[in-house]
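The exercises below concern burial, salt bridges and helix packing in one protein chain. Work through each task before reading its solution.

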Amino acid sequence: QLQQQQQQQQQSGTYNGIARLRLALDYFAAFVDYPMGNGTHHFTELNGSYHFADPQMEIVDIMQVADKFPNLLDQYRHGPREAFFLVKFWVDMTFDPAAAQNCHAEADMPPASGLSERAFFGLTCRFESLECLVIEVSMTAIQLGKQVIEKIQVEEPVQDGGRYLYNMHRSPMCDYMTSFARRLRELDDIEMMNKVLENFHVTQHVRNQATGELLFSFACVFEVAKPGLGCGHHVYKLVDPHEEAMMRRYTA
């Protein structure tokens, strides 16, 4: 159980993520497309960078989750601290396992028309920034506290009005994650699925490719959504209250 505290922040008239971060997540969805255009099932979906700038955002002590995410604490201490978040996803696992039985491998993209005789497991992710950068996005799957796979992509900016967008559109899910989703679905019992997910986590780190500077980071924990509710999420700010208390003590 994550202990939650209310973050004390001044109210702000702007609620989008790029109001307080150099770069913020604007959209994140993991999904499976069924064969021959027979629909899409979303495992997770988060829409809107404002989730990362809510002045009433709850906080989580990073020490409570540090053992689940290798190197997260070191990265947090290196900073910038305002760029670190925790997202809890309620995952919709009610996809049709029979329709997803025969699926594309990671290196085997479906045709551009979208009509394929095989299912496609994918990820769409979009970031926004006021700066024109080339970014490196690293996504890592962690099981039992150890990294099992890492996928790195480089994205260039696309100008959109007064901001820049970075789109990872329909990126193929790695074979490990595809297999994990299908095996999890085979359990067909929410309690058993959640026992597996207690030891499965994901991190995503976004860096400025030119400088290596960290721009945004979020760590993910998962729970299976109850039938009929669909997928959901809750965003928390990661903090080290002990460190902050020491800083206040020595700067007072």
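Asp26 is buried, with a relative accessible area of 9%; buried means under 20% relative accessible area, exposed over 50%, and partly exposed in between (1.4 Å probe, protein chains only). The model is predicted: local features need pLDDT of at least 70, side-chain atom pairs count only at pLDDT 80 or more, and totals for chains, interfaces and linings use all residues. Residues are numbered from 1 along each chain as its sequence is written, and side-chain values use heavy atoms, with hydrogens and water left out.

**Exercise 1.** Find the residue with which Asp26 forms a salt bridge, and place both in the chain.

Solution. A salt bridge is a side-chain nitrogen of Lys or Arg within 4 Å of a carboxyl oxygen of Asp or Glu. For Asp26 the partner is Arg163, with the closest N and O atoms 4.0 Å apart. Next, locate the two: Asp26 is in strand β2 (residues 23–33) and Arg163 in strand β10 (residues 163–172), 137 residues apart. Strands (E, at least two residues) and helices (H or I, at least four) are DSSP runs numbered from the N terminus. Arg163 is partly exposed, at 24% relative accessible area.

**Exercise 2.** Which other side chain meets Arg163 in a salt bridge, and which residues form the network?

Solution. The side chains of Arg163 and Glu128 meet at 2.3 Å, N to O. Glu128 lies in strand β6 (residues 120–129) and Arg163 in strand β10, so the pair ties together parts 35 residues apart in sequence. Glu128 counts as buried, at 3% relative accessibility. The network of salt bridges links Asp26, Arg126, Glu128, Asp160 and Arg163.

**Exercise 3.** Determine what the side chain of Glu58 contacts, given that Glu58 is buried yet has no salt bridge.

Solution. Start with opposite charge (Lys and Arg count as positive, Asp and Glu as negative; His and the chain ends are not counted). The nearest such side chain to Glu58 is Lys88, 11 Å away. Then check polar contacts, which are pairs of N or O atoms within 3.5 Å; within protein, one must be able to donate a hydrogen and the other to accept it, and residues adjacent in sequence count only if both atoms are side-chain atoms. The side chain of Glu58 makes one with the side chain of His234, at 2.8 Å. Glu58 itself is in strand β4 (residues 58–61).

**Exercise 4.** Is Phe216 buried or exposed?

Solution. Phe216 has a relative accessible area of 0%, so Phe216 is buried. Phe216 is placed in strand β12 (residues 214–224).
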